[in-house]
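Before you open the structure for yourself, here is a short reading note for someone coming to it fresh. Please keep the sequence at hand while you go through the points.

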Amino acid sequence: DEDRRHGYASSISLPLMSSGQAFGALSLHAEEPEAFTESAIEQYTDLANNLAYGVMALRTREERKRAESEIRQLNASLEKRVAERTIELVRSNDQLKQAEESIRKHGEQVQIHRDVVLELAHSDKSDLEKALQKICSLSAATLDVARVSYWSLQDNNSAIACEVLYLRNSESCDEQFKDPRLGFSDCPAYFEALASKRPIVA
């Protein structure tokens with residue numbers, strides 16, 4: 001399929017949610033097979049939730065203060081979960097060293113995610129396309145994946161269109177891939193998964 005033709009062995013598409021409804025999706029692609037483990041999916045879902053707030057702030061300036069407050073609450077929740085996991089992992093002496101390394105990396109990742117989201121919340125809102133390109137480029141670097149694309153739902157959620165596709169290897173956006181559309185009839189399972197707010201792993 002399209003991913004394998006471009007050398008990607010695994011991918012995931014995460015719904016971007018606002019007020020309980022999906023308004024788009026964040027697609028990640030990796031060259032390694034089975035790159036998106038359960039823990040990675042949970043981590044990327046947290047990031048997608050944070051980015052969703054950032055995108056909504058870009059769309060509506062008046063909601064910026066509220067979005068930043070909610071982002072800080074999400075970050076506080078993430079840090080609490082990291083602390084809880086730390087306690088659970090440290091209880092296992094056999095896995096102590098592995099747990100310490102995992103906690104360190106996870107903590108660094110949470111810090112990076114928080115810095116990226118806060119940077120996006122304070123970024124220039126006047127040019128939505130450039131802001132989305134920045135979101136995708138920062139996501140690719142932060143998550144260490146090969147490709148990140150931003151898709152928005154259209155036509156009463158019966159179609160989804162790619163607005164930005166960022167390629168990490170070339171450090172640029174692929175303008176030729178811009179605006180492709182996927183209709184409900186092309187892949188009904190995809191839209192049903194988005195509507196049910198489930199991550200889509202391939």
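The points below go from the nonpolar cores and cavities to the aromatic pairs, one serine and two unusual backbone angles.

1. The model discussed here is a predicted one, and every remark that follows should be read with that in mind.

2. I would begin with the largest nonpolar core, which has 32 residues, and in which L28, F36 and Y150 are those with the most contacts inside the core. The elements that give two or more residues to this core are the strands β1 (10-18), β2 (21-30), β3 and β4, together with the helices α2 (38-59), α4 (96-121) and α5 (128-143). The largest share comes from α2, which supplies ten residues.

3. L28 deserves a look of its own, since its list of partners can be followed residue by residue in the viewer. Not counting residues up to four places away in sequence, L28 touches S10, S11, I12 and L14, then F36 and Y44, and finally L143, V145, R147 and V148. Apart from the largest core lies another one, of 13 residues, which includes A22, L153, L194 and I200.

4. Which residues line the largest cavity? The structure holds two cavities of 30 Å³ or more, and the largest of them has a volume of about 40 Å³. The lining of this largest cavity is made by L16, L26, L51, V55, L132, I135, C136 and Y150. Two elements, α2 and α5, give two or more residues to that lining, and the largest share, three residues, comes from α5. Y150 therefore appears in two places in this note, as a residue with many partners in the largest core and as part of the lining of the largest cavity.5. The structure holds three aromatic pairs, of which two are described here. The rings of F36 and Y44 have their centres 5.7 Å apart and their planes at 75°, and because that angle is over 60 degrees the pair counts as edge-to-face. Both partners are buried, F36 with a relative accessible area of 9% and Y44 with one of 10%. In the pair of F184 and F191 the centres lie 5.8 Å apart and the planes meet at 50°, so this pair is tilted. Here F184 is partly exposed, with a relative accessible area of 39%, whereas F191 is buried, with 6%. Together with Y190, the residues F184 and F191 form one aromatic cluster.

6. Is S152 buried or exposed? S152, which sits in strand β3, is buried, because its relative accessible area of 4% is under 20%. Its side chain makes a polar contact with the side chain of E163, at 2.5 Å. Leaving aside neighbours within four places in sequence, S152 is in contact with F23, G24, R59, A159, I160, A161 and E163.

7. Lastly, two residues call for a check of the backbone. D155 has a positive phi of about 50° although it is not a glycine, and its place is in the loop between β3 (147-154) and β4 (159-167). E171, also a residue other than glycine, has a positive phi near 50°, and it lies in the loop between β4 and β5 (172-173). D155 is partly exposed, with a relative accessible area of 46%, while E171 is exposed, with a relative accessible area of 64%.

Technical notes:
Residues numbered from 1 in each chain as written. Predicted model: local features only at pLDDT ≥ 70, side-chain atom pairs only at ≥ 80, totals over all residues. Heavy atoms only, no water. Helix = DSSP H or I, 4+ residues; strand = E, 2+ residues; numbered from the N terminus. Buried < 20%, exposed > 50% of the residue type's maximum accessible area, 1.4 Å probe, protein only. Phe/Tyr/Trp six-rings, centres within 6.5 Å; stacked < 30°, edge-to-face > 60°. Polar contact = N/O pair within 3.5 Å; in protein donor to acceptor, adjacent residues only side chain to side chain. Contact = heavy atoms within 4.5 Å. Core = buried A, V, L, I, M, F, W, Y, C linked by side-chain atoms within 4.5 Å. 1 Å grid on protein atoms, 1.4 Å probe; cavity = no way out; pocket = protein on both sides within 12 Å on 5 of 7 lines; lining within 4 Å. Points joined across faces, edges and corners; volume = space filled by probe spheres on them.
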